Amino acid sequence: MELVIVILVIALMVAPKLVKTCLGIVSPSEATESLCATCVNVYRVKGANGKKLIYCNYTSDLRAINFEVCECTGYRNRDIVPLTRVVGFAPVEAPEHEEAFPAVAIWISKE
């Protein structure tokens with residue numbers, strides 16, 4: 001009977017950690033890596049001795065980041081492709097070759 005109680009106590013202690021790991025839920029205090037590691041605006045330098053320099057170029061100016069970041073208003077995940085499309089002007093006649101980013105041509109007539 002005592003063995004069953006010990007097993008239940010251990011299971012109750014380990015179960016929340018297993019659920020968080022399986023679902024990918026990590027609180028900022030438990031995060032081991034800075035948010036900058038997956039940001040598109042980061043400029044990272046890692047030395048042979050393990051020293052890391054992290055700079056943010058969110059505003060086009062390199063700013064040194066000297067601490068682990070868990071929240072950032074300028075964060076953009078580098079693994080997610082933005083849903084934007086290039087729109088511009090093109091000649092009225094059809095192009096001879098297929099464009100990588102097809103442009104939209106709008107015919108405007110003078111009245």
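Biologist: Let's start with the second largest pocket. What volume does it have?

Modeller: General idea to begin with: you roll a probe the size of a water molecule over the atoms, and that shows where empty space is left. Here, the second largest pocket comes out at about 170 Å³. Keep in mind that this is a predicted model.

Biologist: Which residues lie closest to the centre of that second largest pocket?

Modeller: Eleven residues line the second largest pocket, and those closest to its centre are Glu33, Ala37, Arg44, Lys52 and Ile54. If you'd rather think in elements, β1 (42-46) and β2 each give two or more residues to this lining.

Biologist: And how does the lining of the second largest pocket split by class, into nonpolar, polar and charged?

Modeller: You get five charged residues, four nonpolar and two polar in that lining.

Biologist: Now the largest pocket. What is its volume, please?

Modeller: About 230 Å³ for the largest pocket. Its lining has 17 residues, and nearest its centre lie Cys56, Arg63, Ile65, Val69 and Cys72.

Biologist: Which strands supply at least two residues each to the lining of the largest pocket?

Modeller: Those are β2 (52-56) and β3 (63-65). By class, the lining of the largest pocket holds twelve nonpolar residues, three polar ones and two charged ones.

Biologist: Two cysteines sit on that list of central residues. How many disulfides are counted here?

Modeller: The idea is simple: a disulfide is a covalent bond between the sulfur atoms of two cysteines. To call one, you need a pair of cysteine sulfur atoms within 2.5 Å. By that rule, the count for this model is zero.

Biologist: How far is the sulfur of Cys72 from the nearest cysteine sulfur?

Modeller: The nearest one belongs to Cys56, 5.7 Å away, and Cys72 is in no disulfide. Cys36 is in no disulfide either; for Cys36 the nearest cysteine sulfur is that of Cys39, at 6.4 Å.

Biologist: Is Cys36 buried or exposed?

Modeller: Cys36 is buried, because its relative accessible area is 11% and the cut-off for buried is under 20%. Cys72 has 42% relative accessibility, so Cys72 counts as partly exposed. For the whole chain, buried residues make up 10% of the 111 residues.

Biologist: Let me step back to the fold. What is the order of elements from the N terminus on?

Modeller: The order is α-β-β-β, that is, one helix and three strands.

Biologist: In what order do the strands sit in the sheet?

Modeller: The three strands form an open sheet in the order β1-β2-β3, with antiparallel pairing. β1 and β3 stand at the edges with a single partner strand each, so one side of each has no neighbour in the sheet. On average, neighbouring strands of this sheet are turned by 30 degrees against each other, direction ignored.

Biologist: How many bridges join β1 to β2?

Modeller: Five bridges, with the two strands running antiparallel. One example of a bridge pair is Val42 with Cys56, the latter in β2. The antiparallel pairing of β2 and β3 has three bridges. There, Cys56 stands opposite Arg63 in β3, and Tyr55 stands opposite Ala64 in β3.

Biologist: What about the turns? Which residue has a positive phi in the turn between β1 and β2?

Modeller: Here's the rule of thumb: most residues other than glycine have a negative phi. In the hairpin of β1 and β2, with five residues between the strands, Gly50 in the turn has a positive phi of about 95 degrees.

Biologist: Which residue takes a positive phi in the hairpin of β2 and β3?

Modeller: In that hairpin, with six residues between the strands, Ser60 takes a positive phi near 70 degrees. Ser60 is not a glycine, yet its phi is positive. Ser60 has 69% relative accessibility, so Ser60 counts as exposed.

Biologist: One last residue: where does Thr73 lie?

Modeller: Thr73 lies in the segment after β3. Thr73 is exposed, because its relative accessible area is 83%. The C-alpha atoms of Thr73 and Tyr58 are separated by 9.8 Å, with the two residues 15 residues apart along the chain.

How values were computed: Residues are numbered from 1 along each chain as its sequence is written. This is a predicted model: local features need pLDDT of at least 70, side-chain atom pairs count only at pLDDT 80 or more; totals for chains, interfaces and linings use all residues. Side-chain values use heavy atoms; hydrogens and water are left out. Buried means under 20% relative accessible area, exposed over 50%, partly exposed in between (1.4 Å probe, protein chains only). On a 1 Å grid over the protein atoms alone, a cavity is a set of points where a 1.4 Å probe fits but cannot get out, and a pocket is an open set with protein on both sides within 12 Å along at least five of seven lines; lining residues have an atom within 4 Å of a point. Grid points are joined across faces, edges and corners, and a volume is the space filled by probe spheres set on the points. Helices (H or I, at least four residues) and strands (E, at least two) are DSSP runs, numbered from the N terminus. Ala, Val, Leu, Ile, Met, Phe, Trp, Tyr, Cys and Pro count as nonpolar, Asp, Glu, Lys and Arg as charged, and the others, Gly among them, as polar. Two strands pair if DSSP finds at least two bridges between them. Axes are lines fitted to C-alpha atoms, for helices over the stretch in contact, and angles run from 0 to 180 degrees between N-to-C directions.
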